[in-house]
Every structure is written in structure tokens, then in C-alpha cells.
Amino acid sequence: MLSRESSATLMSAITAFLYREARLQDEHRYEAWEKLWTDDGVYWVPANGADIDPERQMSIIYDNRSRIALRVRQLMTGKHFTQTPQSNLRRLISNIELMDQQPEDGDIAVASNSLIFESSLRDDTLWAARNEYRLRHVDGELRMAAKKVILVNNDKAIYTLSFLV
Amino acid sequence: MNMMTGVSPWERLIRPDRVHGSLYTDPEIFEAELKSIWYRTWVYVGHESEVPNANDYVVKSIGPQSVIMTRDERGKVNLLLNRCSHRGNQVCSFERGNARSFTCPFHSWTFANDGRLVGYAFPDGYEGQDKSQLALGRVTRVESYRGFVFGSFATDGPTLKEHLGGAAETIDRLVRTSPEGEVEITAGFLKHRVKANWKFILENECDGYHPAFVHTSIFGVADSMIGKLYGGASTALTRDYGNGHTEIDLRPEFRKRDAPMSWFGTSEERLPDYTARMKAAYGDNAAREIMIDGTPHVMIFPNLFIAEIQMFVIQPLGVDDSVQHVTALQFKGAPDLNRRLRQQTMGSVGPAGFLLADDSEMYERCHRGVLARNPEWIFLGRGEKRQRQDEHGFTVGHVTDEVPSRGIWTHYRKLMEPA
Ligand code: FES
Ligand SMILES: [Fe+2]
């Protein structure tokens, strides 16, 4: 059990981390965002529910660390037309909670909600999601070892999602 | 038919080397397409492997209509319309499951999974009523080809085999990739919505002109061999099979490489289990040929696209509203190959895919573009002078030529023009 002070300190560090991630994503700062990942990071956006098996079923995104890098490299070319011009984005992160079930390996389980407003050539789109993270201290800084984005409407037909969600 | 000129409206909108932009944007034309194409010809609905057991069902669609594909107790596959015969409520509200019957939530009428009405609540009041007249609606004709289930609302017309014509061979070629000769659709679908007319998607599937440009961002950063297949120096072909079916035939390029599994960017060494099973099933020589040639890249009119490693099903919802349902192809008896197929498919298609996000962006921009009034026409003449007939009499052209689009529009006009 963490003391009340240390848990408050941890919570404010986590909150600052999630807000910073949100800002980097909104501002298309792809390289800075990529640096938030651990070397074994997994970026997962399931389809058709929250609890599918990504090793058997199709997910919207199921990136290991090298595919995260590829995703970022594609965005950086400036020729990924669905992000050329880039979407204008702003997202709200809220309901940040330390989850009771802490992973055994010392990672920190965190969940939040997010609401993203995207303005693109197509139209203005509102996206809502439940985000589940595993955060880890690496060299004194927090990093993402896993991020799962459960879109509220992931069982329906959705428009192109080419920004960092 | 215009009595004054003797020219049908379709003849005025569809010319050999160009089509009128309103074909993609006019809501009345969309309504006419529902009647003359989607509710008349053979449309792909689902795959038998999606309902493997008795009483399994999965909800599919034909255009905007919801269709329940069921396997009844006797093992027969039915295509039922998701509309209660009482007052029209949708009888099935889950995407898949196992059920002997469907009970309508409104007044509790119950239908067997072959469509029969088996009971209504408070049966007094229905004295003398013939239940058999109140079954669920069904897709009039249902036929399947190597597990792919198609439906047609027309009572008569060509058989599925006649409709598929020369394109049936591409499905034969596909299933050979499995050591057991069967495709399975078991990985679940991504549903990608686009604000664009469905025909932009249909034509794009075998448009070999765009990849070098639209997909440059991913070709540039991933060491993919795909880019070269679509270059000016490529020996790959476009083919028009008639009946609106089109293909990009990449075999000439893969045969030049002469390396098994190169079509999938891998090698026999990395798939030892699969390679052994293929050789056991087909013999060394035939297995080698199959593994060099790879799977087809074929668009079965109007909605089934097989793209080497994945399957797309195009669904029109409105004149400017379409869904691409996409999934990884899975080959029976090939677990090590299937795993890679899923991984690659997840990377390339769906709303966040490296490839399809950019294709979809193009459909949407095309759709907004053709709303401009001028120039009125879309030009499809690329390669018209250099196309030729192959040994089976199908029209072929260079991989970057617009042979497929011209084939699609020729067939489209035939369907839309009343005989
Ligand atoms: S609408 Fe289905 S029972 Fe009345
Ligand atoms: Fe493409």
C-alpha cells in the first residue's frame, strides 16, 4: 500500500503524463509521442468490443513497438494523405483512476476516459473512448508499456481514424 | 428510353471511354441501382464458415437491408430478411449467435431459423390464419461457390456459376492456397465507413494506376515489394472477365521472381509447417507453382473483393455513404500462415490501416470533387488503344490501364438499361 502522500504524488505524475501525451497527439508531435513508449510497448485499439483476442480477431490497431515506429514514420512522410492536411484535434482526458488490479511486474495500471474532437476535410467528428494504460518508470520517467483504446462505437462502421488516438 | 432521340438515359451517361459524374452523386440513380443491381443480381452475403454449426447465425446485409444468414438444424444455409412479418420490427438484434428461433421483441411472434412462423402470442384472434403465409422474408435465390454464399432477389436469371463466369477460376485459385482447399472467415470484420459512392470503391479495387502515388507514404518507409508490381515497367495485367468482374493479375511478376511465398513478402523457410503441408497435399511441383503464383486480386461484381490476403465486402448505404467490411483471409490447415495474414491485414486495412486509410481518403475526395459541375465527365480511356484479348478471350491491359473500369461500366449499363 502506498502512503497517502506518495499516492498523491504518483497520481499527479500520472495525470501530468496523460495530459502531456494528449497534447503531443493533438499537435501531431509524432516523434515526441513515440518517445513515450517503452521498448516493448503495445498499442491496441480493439474492434467489436473490449475483450476480443487480438491474436485471433481483427483489431483496428494492434501495433508492437516496431509497428508503432512504422506508423510514426508513415505520418512523418507528409504523404499520408488522410493526414495531409492534418486533422485539427483537441481531446479531453478525464476520470483518471489508478486501477485496483496492479500488474505484478511493477507496472502501474491506469485508466481514463477521452473525448476527441476531430476536424478534417471530411467533416467534424466526435470520438469517445475508454483508455487503459500500463505505465512504467524508466530512468526516472513514466513511459507507456501498453495503451488500449476502447472506442465507444468500435462495433459499428467508423470513419477513417488516422491520427494518434 | 427517350422517344425523341431513341437514346436511353444510360447511353447518354456511359460512353466507352468516359462516364458522367452524376452517376456517382444523383440520389435517383442510387435508388435505381438498388432495384436493378443490389436487389436483382447475385450479391455476396457471407461465408459458410461464419456459421459452422447447426443453428449458428450471423447478421449480414444486401445494400442497406439487414439479412440474417442462418444454418438451420438440417445444415442448410438460409438468407432471411431481418423484418418481422407482423409489423416490421427487426427480429434479430445481435450480430451473431446460435439460436433455433428468433422471437420478435414487439409482440413475441416466433420464427424458426429457416424463416417459418412457428407461433404468435395470444393465438386466439388468429383463427383460420395460415401461418405459412406469414414467414420471414427471404432472399429468393441462395447459392454458394466454394463456401462463398451469394444471394439474389430475382426469381430467375443466370445461375451463380453463370454470373461468376471466368472469375470463378480466381476463387478456385484462392482456395488452393489452403492445404485443405478451403478458405475460412473467422477473424471478425473491421467496418470502415466512407462518405463516398460505392462505385468509387468498386473501381478502385482493380485500379493499378494509383498505388504508386496514393501509397507512396507506406511504400517509402516499409520495405515492401508491392510498389514495383504497379510501376510502369511491371508485367502485371489488368483483366476484364465480363459481368463486371475485374482482376489485377500479378502472376507474371511473381513468376519472374520464381520464389515461393514471395507474393506474401515471405519465404518457404519462414513457413516450414505450411510448406510441408502444401507439398503433402498437392505434390512438390504443384505446391511450388501455387506458392509462387499466390492468391488473386479480384473484384467480383458488385461487392466481393479478394485482395491477396484479405477480403472486403462493399456495402452501399446511400448515394454518398458506404461501408467497407474487411477481414483477413484464413486458410484451413495453415495456422502459421494465418497468423501472419491476420497481422498484415490489421496493419494495412480498416479505419487506421496503412493502405486503406489513404484509399478511403481518395474516395471521399473524389466524391466531393465530382459534385463540381465542370468538366462533367470522368475520363477512363487509359490503355484503350493497347488493350487486347488474352487466350481465353478476356480483355487484358497493362496493370496501370483502366481496363477494369471500362469493364465495370459496360456491365453496369447492361443491368441498368431495361431490356
Ligand atoms: S412486429 Fe414483430 S411481433 Fe409484432
Ligand atoms: Fe489503394
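This is a short exchange about how the labels on this predicted model are earned.

Author: The model is predicted: local features need pLDDT of at least 70, side-chain atom pairs count only at pLDDT 80 or more, and totals for chains, interfaces and linings use all residues. Residues are numbered from 1 along each chain as its sequence is written, chains are lettered from A and ligands numbered from 1 in the order written, and side-chain values use heavy atoms, with hydrogens and water left out.

Reader: What coordinates the iron ion (ligand 2)?

Author: His210(B) and His215(B) each give NE2, and Asp359(B) gives OD twice, at 2.0 to 2.6 Å. A donor is an N, O or S atom within 2.8 Å of the metal (3.2 Å for Na, K and Ca). Water is not among the atoms, so sites may look incomplete.

Reader: Why is the arrangement around the iron ion (ligand 2) called irregular?

Author: The four donor atoms subtend angles of 54 to 145 degrees. Four donors count as tetrahedral if all angles lie between 85 and 135 degrees. Four count as square planar, and six as octahedral, if opposite donors are over 155 degrees apart and all others between 65 and 115. Anything else is irregular. The angles of 54 to 145 degrees therefore make this arrangement irregular.

Reader: Where do His210(B) and Asp359(B) lie along the chain?

Author: The donors follow the spacing H-x4-H-x143-D. His210(B) is in the loop between helix 6 (198-204) and helix 7 (211-214) of chain B, and Asp359(B) is in helix 14 (residues 356-370) of chain B. The pair is 149 residues apart and links distant parts of the chain. Helices (H or I, at least four residues) and strands (E, at least two) are DSSP runs, numbered from the N terminus.

Reader: How do you know whether His210(B) is buried or exposed?

Author: Buried means under 20% relative accessible area, exposed over 50%, and partly exposed in between (1.4 Å probe, protein chains only). His210(B) has 14% relative accessibility, so His210(B) counts as buried. Asp359(B) has 7%, so Asp359(B) is buried.

Reader: What makes Ser108(B) and Phe122(B) worth a look?

Author: Most residues other than glycine have a negative phi. Ser108(B) has a positive phi, near 70 degrees. Its place is the loop between strand 8 (101-103) and strand 9 (110-112) of chain B. At 36% relative accessibility, Ser108(B) counts as partly exposed. Phe122(B) has a positive phi near 50 degrees. Phe122(B) sits in the loop between strand 10 (117-119) and strand 11 (141-145) of chain B. Its relative accessible area is 69%, so Phe122(B) is exposed.

Reader: Which peptide bond leading to Pro85(A) is cis?

Author: The bond from Thr84(A) to Pro85(A), with omega near 10 degrees. Pro85(A) lies in the loop between helix 3 (65-76) and strand 3 (88-98) of chain A. Another cis bond joins Asn374(B) and Pro375(B), with omega about -5 degrees. Pro375(B) is in the loop between helix 14 and strand 22 (377-379) of chain B. Most peptide bonds are trans.

Reader: Why is helix 3 of chain B called roughly perpendicular to helix 15 of chain B?

Author: The axes of helix 3 (residues 27-38) and helix 15 (residues 403-416) of chain B come within 9 Å and cross at roughly 85 degrees. That makes the two helices roughly perpendicular. Angles under 35 degrees count as roughly parallel, over 145 as roughly antiparallel, 65 to 115 as roughly perpendicular and the rest as oblique. Axes are lines fitted to C-alpha atoms, for helices over the stretch in contact, and angles run from 0 to 180 degrees between N-to-C directions. Among the residues making the contact are Ile29(B) and Ala32(B) of helix 3 and Tyr412(B) of helix 15 of chain B. Contact means heavy atoms within 4.5 Å.

Reader: How do you know the span of helix 1 of chain A is close to the expected value?

Author: The expected span is 1.5 Å times one less than the number of residues. Helix 1 (residues 4-26) of chain A has 23 residues and reaches 33 Å from its first C-alpha to its last, close to the 33 Å expected. His28(A) follows helix 1 of chain A, with a positive phi near 55 degrees.

Reader: Is Ala111(A) buried or exposed?

Author: Ala111(A) has 1% relative accessibility, so Ala111(A) counts as buried. Its place is strand 4 (residues 108-119) of chain A.
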